[in-house]
Each structure stands twice: as C-alpha cells, then as structure tokens.
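The following note sets out several points for discussion, each in a short paragraph. It is meant to be read alongside the sequence and the structure.

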Amino acid sequence: MNLDLKIDNIMPKDKLHPKFWYDMTLHEAIQDKLMSISVNIMKNIEISDFVDDIILTGSISSYNWHSLSDIDVHFVFDFRKIDENTDLVKKMLDLTRMKWNKDHKILIFNHEVEIYFQDSNEDHESMGVYSLLRKEWIENPVIASKRPSSMSVAVKSMAIIREIDRLQELYAEKRYKEVYLYSKNLKNKIKNMRTSGLSREGVFSVENLTFKTLRNNEKLGILGSLKNLSYDKMMSIDKIINVKFKR
C-alpha cells in the first residue's frame, strides 16, 4: 500500500474548519475579506443589481473540508435578469469566472478563493451553504452518520493508480493508440464509479472519496495528459515513407 497517498486528508471531520468557523459563525475578518472581494467583482462586471445572494459553499462549508479545499464563493441570481437566452448568459459568465480564477490567486489560510455564478433557477446540492450577505446558514452542515473505511478508499485508489502507472509504461513504449483507448476507457470508468457512489451513498461514499484521492494526488491530471499526449502522437507525422505511385 502506498503510504504517501493523501487519504486521511479527505475523510470527513468532526468539526468545521477551525480557522474559518467559530460557533457556526464565519470569522469576521474572513467575512469582511470575502465580501470586499465580492463587491469588487460585482462592480467590475456590473451585476450588483442582479445578485440575490452571495454564498459560501463546497467542502470549506462542511465537515468534508481538507487542506486542498477551495473557498467557493457563488453569486446567486436569476440569469434571465440579464437576458432571456440563459445559455448565452451562462457561457459569458463562465468565461468571466474562468478568467478571474486564472488571473487571481487569493489565499486565506492557504485555501484559494474561487468564484462561481449560479442561476437561482437551477438546483444546487451541497453539504453546507452559508450566506455571506445575511451572515447565516441557508443549509446547515451535517456530520456524516456513516464514515467510510480509509482502507477501502486506499485499496480502490491504488488499483486505479496501478492502471495509470501501466499507461505511463505503454506511453514510454510508444504504444500510443493503446494508451489513448485505454486512458479514454479508464476516464469513463472513474466517472461512472463516482456517479454511482454519489447516487447511492452521497459525498462520503468510498467511490467519491476515491475520486478525490486520485484528484488530490494529481493522478487524474496525469491520466488526462496521457490521453491528450497519446492522441497528439497518433495524429503526428515525423517521417514520410517513400512509396512509388502507379501512373
């Protein structure tokens, strides 16, 4: 078993992040800083009149926090207030979000601030939702009644990591088509595994925690790179074999 795997890091905790929360209330300095960031964003992209709420969600607002958790700040409003073509609005806001997240690296106790734009007409599932505007919980975080086995997560993670390691060996052997097809299937397998776990037992399922373990140990990034690199190699030409054509 690979003892370097970051597994305990993602297991559910018995309390909220102590540097962020005190007696179920967000620390005032963090509250003020996040609101300052949010106000600047709303002014810069001119959405202040549209936003209904600004929420803090994701693992940092739950008992599932860990050292790699982002600080997910969501601007919640009805996208139709901008334009009836909500698909177009979503694409525009996605580009704005990605650019902001790329251009900025704001850290609070080593956790990075990430922004999102959330349509109030769409469902949003989270283990905890805190309103920065109202300074109150919209959805209280809940401690998991059933805790997964860290050994089960480790075993499942290592089985997939061995497959990724084998893909790296195949890539080194220049078996690019094999790597591409194998990596494509493995990505689908991991996706289906996570979906199954979430639908059956939620965010604390062994399958979802396995996915997070692979992500936090940068194995999913390696898998994605192998898929893209092998495809590029398949499509590249580095020499031309002389062939005589019949006239």
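1. Glu-201 lies in helix α4. With a relative accessibility of 38%, Glu-201 counts as partly exposed, because that category covers the range between the 20% limit for buried residues and the 50% limit for exposed ones. Glu-201 is separated from Trp-137 by 64 residues in sequence, and their C-alpha atoms are 24 Å apart in space. The reader should bear in mind that this is a predicted model.

2. Helix α4, which spans residues 176-201, also contributes to the largest pocket: together with β4 (71-77) and α5 (206-216), it is one of the elements that each supply at least two residues of the lining. The largest pocket encloses about 690 Å³ of space. Its lining comprises 25 residues, and those closest to the pocket centre are Gly-58, Ser-59, Asp-72, Arg-194 and Lys-212.

3. Which element gives the largest share of the lining of the largest pocket? That share comes from α5, with four residues. As to the classes of residue, 13 of those lining the largest pocket are polar, seven are charged and five are nonpolar.

4. The whole structure contains 13 salt bridges. One of them joins the side chains of Lys-99 and Asp-103, with an N to O distance of 2.6 Å. Both residues belong to helix α2 (residues 86-103), where Lys-99 and Asp-103 are four residues apart, about one turn of the helix.

5. Asp-103 has a further partner in Lys-102, and the closest N and O atoms of this salt bridge are 3.2 Å apart. Are these two residues exposed or partly exposed? Lys-102 is exposed, since its relative accessible area is 65% and the limit for that category is 50%. Asp-103, at 40% relative accessibility, counts as partly exposed.

6. A salt bridge also links the side chains of Glu-173 and Arg-175, at 2.8 Å from N to O. This pair belongs to a wider arrangement: salt bridges with shared partners join Arg-166, Glu-169, Glu-173, Arg-175 and Glu-178 into one network. Within the pair, Glu-173 has a relative accessible area of 42% and is partly exposed. Arg-175 is likewise partly exposed, with a value of 33%.

7. Two residues call for a check of the backbone. Met-24 is not a glycine, yet has a positive phi of about 65°. Met-24 sits in the loop between β1 (21-22) and β2 (25-26), and with 30% relative accessibility this residue counts as partly exposed.

8. The second residue is Glu-218, which is not a glycine either and has a positive phi of about 65°. Its place is in the loop between α5 and α6. Glu-218 is exposed, as its relative accessible area is 57%.

9. Where on the model does a nonpolar patch form? Tyr-231, Met-234 and Met-235 make up such a patch on the surface, and their accessible area together is about 280 Å². Of these residues, Met-235 is found in helix α6, which covers residues 219-235. A relative accessible area of 52% places Met-235 among the exposed residues, because the cut-off for that category is over 50%.

Definitions and conventions:
Residues numbered from 1 in each chain as written. Predicted model: local features only at pLDDT ≥ 70, side-chain atom pairs only at ≥ 80, totals over all residues. Heavy atoms only, no water. Patch = residues over 30% accessible without salt bridge, like charges linked within 9 Å, V, L, I, M, F, W, Y side chains within 5 Å. Areas by Shrake-Rupley, 256 points an atom, 1.4 Å probe, with all protein chains shown as cover. Salt bridge = Lys/Arg side-chain N within 4 Å of Asp/Glu carboxyl O. Buried < 20%, exposed > 50% of the residue type's maximum accessible area, 1.4 Å probe, protein only. 1 Å grid on protein atoms, 1.4 Å probe; cavity = no way out; pocket = protein on both sides within 12 Å on 5 of 7 lines; lining within 4 Å. Points joined across faces, edges and corners; volume = space filled by probe spheres on them. Nonpolar A, V, L, I, M, F, W, Y, C, P; charged D, E, K, R; others polar.
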